[in-house]
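Reader: I am new to this structure and would like a close look at a single part of it, followed outward into its surroundings. Could you take me through that part slowly, in one connected account?

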Amino acid sequence: MDVRDTGNFWRLAGPAVGMKGVMRLILLGTPGVGKGTQALELSECLHILHISTGELLRVEMENKTPIGMKIDKYMNAGELVPDTIIIDMLEKRLQEPDSRKGFVLDGFPRNLNQADYLKSSLERLQTSLDRVINIEVPIDTVLNRLLQRNRADDTPETIKYRLEIYKQETIPLIDYYQRAGILEQINGDASPEEVTNRILACIA
Ligand code: AMP
């Protein structure tokens, strides 16, 4: 086996080996495909930020901030939080200096409006996305994974609703990024390590 086929190699070697210095990535895929796990791995291997909008929102809710009070009804119902709130939050995060080292976005964009915003926001920062990774996993596997998680918004009803929203709002992004020429399709029906290696291989 080539040593580069192991996540550890990339984690230690990082962007210096076969990778462009700064990577700006998006992970797409239905809830439950493992975006969070993969984003974390990629951020370590590539020495870039992991930005999870779901996580940022959960922190606001836990801290009962004014934003947190506004969003809990959407989060608990499995609905998308209004674009104005999420865009404002991401804009602030991207303006922090550490985002210059590159990032992997997990959970954003969720619709075409957010994707258009991201494009213009990166243009203002004189940069652009490198790749969009769409992770695909059979629906039965996704459902089993979601039901095993222990999150407040992972009840059978909200799972069904979130998958429906994904179909209506987020799937159009696959075509959007395909036309932009930066989409990579990854078969995510494998161990987390194997999926990480597949992603690293396609962005190297
Ligand atoms: P996630 O952790 O990505 O599964 O997101 C959990 C919940 O946070 C979603 O069901 C939405 O309510 C909200 N959320 C996360 N990211 C976004 C986004 N980009 N746009 C709107 N709502 C979001």
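**From one loop residue into the sheet and the cores**

Author: I48 lies in the loop between α2 (35-46) and β2 (49-52), in a model that is predicted. I48 counts as buried because its relative accessibility is 5%, and buried means under 20%. Leaving aside its neighbours within four places in sequence, I48 is in contact with M23, L25, L42, S43, K101, G102, F103 and V104. One of these contacts is L25, which is 23 residues away from I48 along the chain, with 9.5 Å between the two C-alpha atoms.

Several of those names lead on to the strands. M23 stands opposite G102 in β3, and β1 and β3 are paired in the parallel sense over five bridges. On the other pairing of β3, four bridges join β2 to β3, and these two strands also run parallel; here L49 has F103 in β3 as its bridge partner. I48 is thus in contact with M23 and G102, and with F103 as well.

β3 itself deserves a pause. Five of the five residues of β3 are buried, so this strand is largely enclosed by the rest of the structure. Both of its faces are covered, since G102, V104 and D106 on one side and F103 and L105 on the other are all buried.

The wider arrangement is an open sheet of five strands, with parallel pairing and the order β2-β3-β1-β4-β5. β2 and β5 (183-187) stand at the edges and have a single partner strand each, so one side of each is left without a neighbour in the sheet. From one strand to the next, the twist averages 20 degrees. Towards the β5 edge, strand β4 (residues 131-136) pairs with β5 in the parallel sense over five bridges, and V132 has L183 in β5 as its bridge partner.

Around the strands there are nonpolar cores to consider. The largest nonpolar core has 30 residues, and those with the most contacts inside it are L118, L129 and Y177. The elements that give two or more residues to this core are β1 (23-28), β2, α4 (66-77), α5 (83-95), β3 (102-106), α6 and α9, and α5 gives the most, with six residues. Apart from this core lies another, of 22 residues, among them M23, V104, L163 and I203. M23 and V104 are also among the residues that I48 contacts, which ties the starting point of this account to members of that other core.

Returning to the largest core, L118 touches I26, L90, L94, L105, F108, P109, L129 and Y177, not counting residues up to four places away in sequence. L118 is also one of the residues through which two helices meet: L112, A115, D116, L118 and K119 in α6 meet P172, L173, Y176 and Y177 in α9. By class, this contact of α6 with α9 has seven nonpolar, no polar and two charged residues. The two helices, α6 (residues 112-124) and α9 (residues 172-179), pack at an angle of about 35 degrees, and their axes are 10 Å apart.

Another residue of helix α6 is S121, which is buried, with a relative accessible area of 2%. Leaving aside neighbours within four places in sequence, S121 is in contact with E91 and L94, and L94 is also among the residues touched by L118.

Aromatic rings complete the picture of this region. The count of aromatic pairs comes to two. F108 and Y117 form an edge-to-face pair, with 6.2 Å from centre to centre and 90 degrees between the planes; F108 counts as buried at 1% relative accessibility, and Y117 is buried as well, with a relative accessible area of 10%. Y176 and Y177 form an edge-to-face pair too, with 4.9 Å from centre to centre and 85 degrees between the planes. Y176 counts as buried at 17% relative accessibility, and Y177 counts as buried at 3%. Y177 therefore brings several threads together: Y177 counts as buried at 3% relative accessibility, is among the residues with the most contacts inside the largest core, and is one of the residues of α9 that meet α6.

Key. Residues are numbered from 1 along each chain as its sequence is written. This is a predicted model: local features need pLDDT of at least 70, side-chain atom pairs count only at pLDDT 80 or more; totals for chains, interfaces and linings use all residues. Side-chain values use heavy atoms; hydrogens and water are left out. Buried means under 20% relative accessible area, exposed over 50%, partly exposed in between (1.4 Å probe, protein chains only). Contact means heavy atoms within 4.5 Å. Rings of Phe, Tyr and Trp (its six-membered ring) pair if their centres lie within 6.5 Å; planes under 30 degrees apart count as stacked, over 60 as edge-to-face and the rest as tilted. Axes are lines fitted to C-alpha atoms, for helices over the stretch in contact, and angles run from 0 to 180 degrees between N-to-C directions. Ala, Val, Leu, Ile, Met, Phe, Trp, Tyr, Cys and Pro count as nonpolar, Asp, Glu, Lys and Arg as charged, and the others, Gly among them, as polar. A nonpolar core is a set of buried Ala, Val, Leu, Ile, Met, Phe, Trp, Tyr and Cys residues joined through side-chain atoms within 4.5 Å. Two strands pair if DSSP finds at least two bridges between them.
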